[in-house]
Structures are given as C-alpha cells and as structure tokens.
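Reader: Got a minute for this one? I'd like to go through the core and the helix packing.

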Amino acid sequence: MKTYGTISLSKDRKTWLLDAAPHVVLRLKRLFPSTSRKTSGALRVSNTRDTCVDLAWVLARWPLAFKHDRDREELERVAEE
C-alpha cells in the first residue's frame, strides 16, 4: 500500500507528529486550524478524541505509516472512546 508520510505519538503522548506529502500537509492545516499555516515540514496536533477521530479519517484517505504499532493502537483506542 502506498503511504503519504509518517505519524507518531510524542514521548509525552500529548501530541501527534505528522510528516506527510505537501498536498496532504495542506489539507491537514485546514483540518487542524490550530496548526500554524506558516509551518513547513512535520505538523503537531494534540492527542484528543476529536483529533484522533479526524486522524482516523485522514488515514483512510491518505495512509500514513505509523512509526510504532503502539501508536496505531492508541489512535484507535482514543478515537473509539
């Protein structure tokens, strides 16, 4: 399966780090308005239920590779709460 970048949970488990293709980053900046529009490269978004639900949608449309399997499990767990 083709992937468009990577996703990982920060060490403190409070934010998601997304490093994606430029066209995906543009969409992510619209979806997560708290992310600076001037930021280039990796984006950081908070690890909340709403964010995880949105990230699950993003992953269905533009698959990102998880750096760790436990991060995928955390996203699914929080999104389902």
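Author: The largest nonpolar core has 22 residues. Ile 7, Trp 16, Leu 18, Leu 28, Leu 55 and Leu 75 have the most contacts inside it. Such a core joins buried (under 20% relative accessible area, 1.4 Å probe, protein chains only) Ala, Val, Leu, Ile, Met, Phe, Trp, Tyr and Cys through side-chain atoms within 4.5 Å.

Reader: What's the model's status?

Author: This is a predicted model: local features need pLDDT of at least 70, side-chain atom pairs pLDDT 80 or more, and totals for chains, interfaces and linings use all residues. Residues are numbered from 1 along each chain, and side-chain values use heavy atoms, without hydrogens and water.

Reader: Which element gives the largest share of the core?

Author: Helix 2, with four residues. Helices here are DSSP runs (H or I, at least four residues), numbered from the N terminus.

Reader: Switching to packing. At what angle do helix 2 and helix 3 cross?

Author: Roughly 120 degrees, with axes within 8 Å. Axes are fitted to C-alpha atoms over the stretch in contact; angles run from 0 to 180 degrees between N-to-C directions. The two helices are therefore oblique to each other (not under 35, 65 to 115 or over 145 degrees).

Reader: Which residues of helix 3 make the contact?

Author: Leu 75, Val 78 and Ala 79. Contact means heavy atoms within 4.5 Å.

Reader: And helix 1 against helix 2, how do the axes cross?

Author: At roughly 155 degrees, within 12 Å. That makes helix 1 roughly antiparallel to helix 2.

Reader: What does Leu 28 touch?

Author: Leu 18, Ala 20, Leu 43 and Val 58, leaving out residues up to four places away in sequence.

Notes: Buried means under 20% relative accessible area, exposed over 50%, partly exposed in between (1.4 Å probe, protein chains only).
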